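Welcome, and please bring the structure up in your viewer. We will go from one selection to the next, with a short look around at each stop.

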Amino acid sequence: MIEVRDLQKSYGDLIAVDRISFRGKAGSIFGLLGPNGAGKSTCISCLSGLLKPTAGSVRVGGFDMSTEAIKAKSSLGIVPQELAIYEDLSARDNLAFWGAAYGLKGDKLQQRVGHVLNRIGLADRASDLPKTYSGGMKRRLNFGCGLVHEPAILLLDEPTVGVDPQSREHLFELVREEKAKGTCVLYTTHYMEEAEKLCDELAIIDHGKIIATGTLEALRAEFGGNDIIQLSGSFDQPKVEQAVTELHGEVLALATDTLMIAIRDGARSLPSVLQSISATGAEIHHARLSEPNLESLFLKLTGKDLRA
Amino acid sequence: MRFIFITVLKELKRRFNDPGALISSIMIPFAIGFLIASVMGGGGGSIKAGLLVTDLDDSFISQGILSALGQDQVADMVTLEKISLDEGERRINEGDGSAHLVIPAGFGQAWLDREEIALQLTVNPSQYVSPRLIREMLESLLDLGDYLHKVFGDELKIISQSVDSDGLVGISTADFSANITDKVSGIADLVFPPLMEVEDVTPEPEGLSVNMGLLMFPGILIMAAFFAANGQSSNFWTEKEKGTLGRWVASPNAFSAFWVAQWFTAMALTALVAAPIMLMGFFYFDISFEKYLSALAWLGLTGPVLFALLSLIQVLAPSRKSGSMISTLLMFPLLMVGGSFFPTETMPKFISSIAQYTPNGRVIEPLKAYLIGEHGASGMFAELWGILLVTLVLVLLTGSLSARKALA
Ligand SMILES: Nc1ncnc2c1ncn2[C@@H]1O[C@H](COP(=O)(O)OP(=O)(O)O)[C@@H](O)[C@H]1O
Ligand SMILES: [Mg+2]
């Protein structure tokens, strides 16, 4: 449904998206995970025909965006990162207008508008102007405007930013519902937990480049079955590094106050890890054992914290 | 085509959801019309109100107000008397005079700086009609002032500085508009050198058989088109800022359809805003109502040529701010020369011959000729296709330029 090949987009000297390729399938959620400025929105803009790629190609619903734009665009539903709604038009009128923009009309349009209003929880405020809505309500309307015409492909650019935790769960539900209907969903986020919860396949993107891609399991396997141990306290860096190497572990992150290592059979090796690290003269305040997650993968791949 | 229609409906809904703005775009031309009617129209001279005025400000602006109130035709209804503050208060308390107007010191400067300041009007409670008449005239004068400020605030500041420094001629001389224009021509070289060489705009009585107000009426109507044009052309920036333009570009619709829909919206809004103003004017000037629909249709169809022009400017400009600045700077001389403030009949020949090359002039003149009976509807509509074609070309040009802008 989505096919991105060697996509590149530059702004002057800055390469915002650097030769990335991926495919999104029907009935599945593809995640683009990366920190702010990684190039996620730029990628979405190229996919939705808002930006012309510097190089590479984008095919959407079987049509090339540069040569058959109108056909390609008609299969897309878009939820931009920044709100894109008419604040001086009621929620119902907003939905009806964007539905009509994709060719819906008559009863079908009315029925879809009613359905979406219910699903995004705005049915009782449908006639009010979004000017009077809370931030979360506007976000939900922005979301609804993207899927009122039942698109085959849904592009979601950080849809949960600025949404309260409860609405967020509700939004996940809506995204899964779309997936179940057979929609191909592209979901960008900088939250690990969201990507882990929602996505069937993932590409981790940093500085415009894909640094890892695959299913969640495949990405976890990059650790070769290792577990993650996180310590906080105060550490003498060279000594700690040597100690970890002697334990056959891998240092993922090391600073004066934190240490993260990947190690086989974490539960069994924890006592010896604590012992050897303490032996370097380090003070340990807190220790945590976990399965490898995207956060640790990102750390392993880029050497930096995703949240930073 | 269907989607263009839906977009126009959507745009109109948005305007109706902001009734304040819509109503004020009707009221401002109304207020100007009322002022002109009360100044030019003459009529019912049976009431004679006595207005006592204390001008503590004595600025260019306050003198402008006095000048407007002291104008000949108004003088049929109102006798103006300049008076000291104490004297005025004493006399109005004794019931001598209809009202006492105090223009506070600093009024002119406050008005130029858009600071809040009030004119004080004490009315004589024993009289009913005259104080109301005075109040209404003052209010429409202030509305006009408000409008003038919106359009030429900065220019007026320059004028005021140059005028206040060399004193002002007596207030009874000429009418308000001629007065302002005289002052403007004094500093014309500073502001708009080639366009403002207006020597004398006082109507030459011999050549004119029709009512001055009627000659000015189409110029007031074009204000309706101007407001629709202004709002609808800057909507491009609003939609860009609100992200809805992005949704548009991402939707499977030709981008030119966006602009065609904006154009049609400008047509509908022009007609909508003009309809009540035109209705009043037809009543007031006693024009046959058979002409109403064709006059409204003419204005609605051709007026948006201003929208197309402003839209092109907006998409050529790098930002909303510069876009609206250039539009205002261009609109000022265009409205002036095109006969929207002062009828071309009252202008020197060489300026009125420029008028027919301005888009608003091309809209006003055939309408005026139709309203005063110089030609019939077919005469007025003779140039319709020409104007529509020019508008269409401008709209499509705007469309292709702004599409390129959206695809950075
Ligand atoms: N219009 C633009 N002009 C110049 N640089 C831009 C523009 N839009 C985005 N960028 C830059 O491109 C990079 C990627 O931005 P973006 O795609 O918005 O990242 P993300 O959505 O992952 O946070 C950033 O470095 C950003 O500053
Ligand atoms: Mg982004």
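Keep in mind as you go that this is a predicted model.

**Stop 1: the largest pocket**

Begin by selecting B:A21, B:F227, B:N230, B:G231 and B:S234. Of the 36 residues that line the largest pocket, these lie nearest its centre. The pocket has a volume of about 930 Å³.

Now colour the helices of chain B that contribute to this lining. At least two lining residues come from each of helix 1 (2–16), helix 2 (19–40), helix 7 (129–165), helix 10 (212–242), helix 12 (255–285) and helix 15 (320–337). Which helix of chain B gives the most to the lining? Highlight helix 10, which supplies 11 residues.

If you colour the lining by residue class, you will find 13 nonpolar, 13 polar and 10 charged residues.

**Stop 2: a helix within chain B**

Stay in chain B and select residues 292–302, which form helix 13. Eight of its 11 residues are buried, so this helix is largely enclosed by the rest of the structure. To see the buried ones, pick B:Y292, B:S294, B:A295, B:L296, B:W298, B:L299, B:G300 and B:T302.

**Stop 3: chain A as a whole**

Switch to chain A and show it as a cartoon. You can trace 11 helices and 14 strands here. The C-alpha trace spans about 75 × 45 × 35 Å along its principal axes. Of the 308 residues in chain A, 51% are buried.

**Stop 4: the magnesium ion**

Select ligand 2, the magnesium ion, and show the side chains around it. Which protein atoms act as its donors? They are OG of A:S41 and OE1 of A:Q81, lying 2.0 to 2.1 Å from the ion. A:S41 sits in helix 1 (residues 40–47) of chain A, while A:Q81 belongs to the loop between strand 6 (76–79) and helix 3 (91–101), so the pair ties together parts that are 40 residues apart in sequence.

Are these two donors buried, partly exposed or exposed? A:S41 has a relative accessibility of 27% and counts as partly exposed. A:Q81, at 25%, counts as partly exposed too.

**Stop 5: ligand 1**

Keep A:S41 selected and add ligand 1. A:S41 is among the residues around this ligand, together with A:Y11, A:L14, A:A16, A:P35, A:N36, A:G37, A:A38, A:G39, A:K40 and A:T42.

Try checking three distances to oxygen atoms of ligand 1. From a polar side-chain atom of A:S41, the distance to such an oxygen is 2.8 Å. A backbone N or O atom of A:G39 lies 3.0 Å from an oxygen of the ligand. For a backbone N or O atom of A:A38, the value is 3.2 Å.

**Stop 6: two buried residues of chain A**

Next, select A:D18 in strand 2 (residues 14–24) of chain A. Its relative accessibility is 10%, so A:D18 counts as buried, the cut-off being under 20%. Show A:R19 as well: the side chains of A:D18 and A:R19 make a polar contact at 3.4 Å.

Finish at A:F172, in helix 6 (residues 165–180) of chain A. A:F172 counts as buried, with a relative accessibility of 2%. Add A:K197 and draw a line between the C-alpha atoms: these two residues are 8.8 Å apart in space and 25 residues apart in sequence.

Definitions and conventions:
Residues numbered from 1 in each chain as written. Chains lettered and ligands numbered in written order. Predicted model: local features only at pLDDT ≥ 70, side-chain atom pairs only at ≥ 80, totals over all residues. Heavy atoms only, no water. 1 Å grid on protein atoms, 1.4 Å probe; cavity = no way out; pocket = protein on both sides within 12 Å on 5 of 7 lines; lining within 4 Å. Points joined across faces, edges and corners; volume = space filled by probe spheres on them. Helix = DSSP H or I, 4+ residues; strand = E, 2+ residues; numbered from the N terminus. Nonpolar A, V, L, I, M, F, W, Y, C, P; charged D, E, K, R; others polar. Donors = N, O, S within 2.8 Å, 3.2 Å for Na, K, Ca; no water. Buried < 20%, exposed > 50% of the residue type's maximum accessible area, 1.4 Å probe, protein only. Near = heavy atom within 4 Å. Polar contact = N/O pair within 3.5 Å; in protein donor to acceptor, adjacent residues only side chain to side chain.
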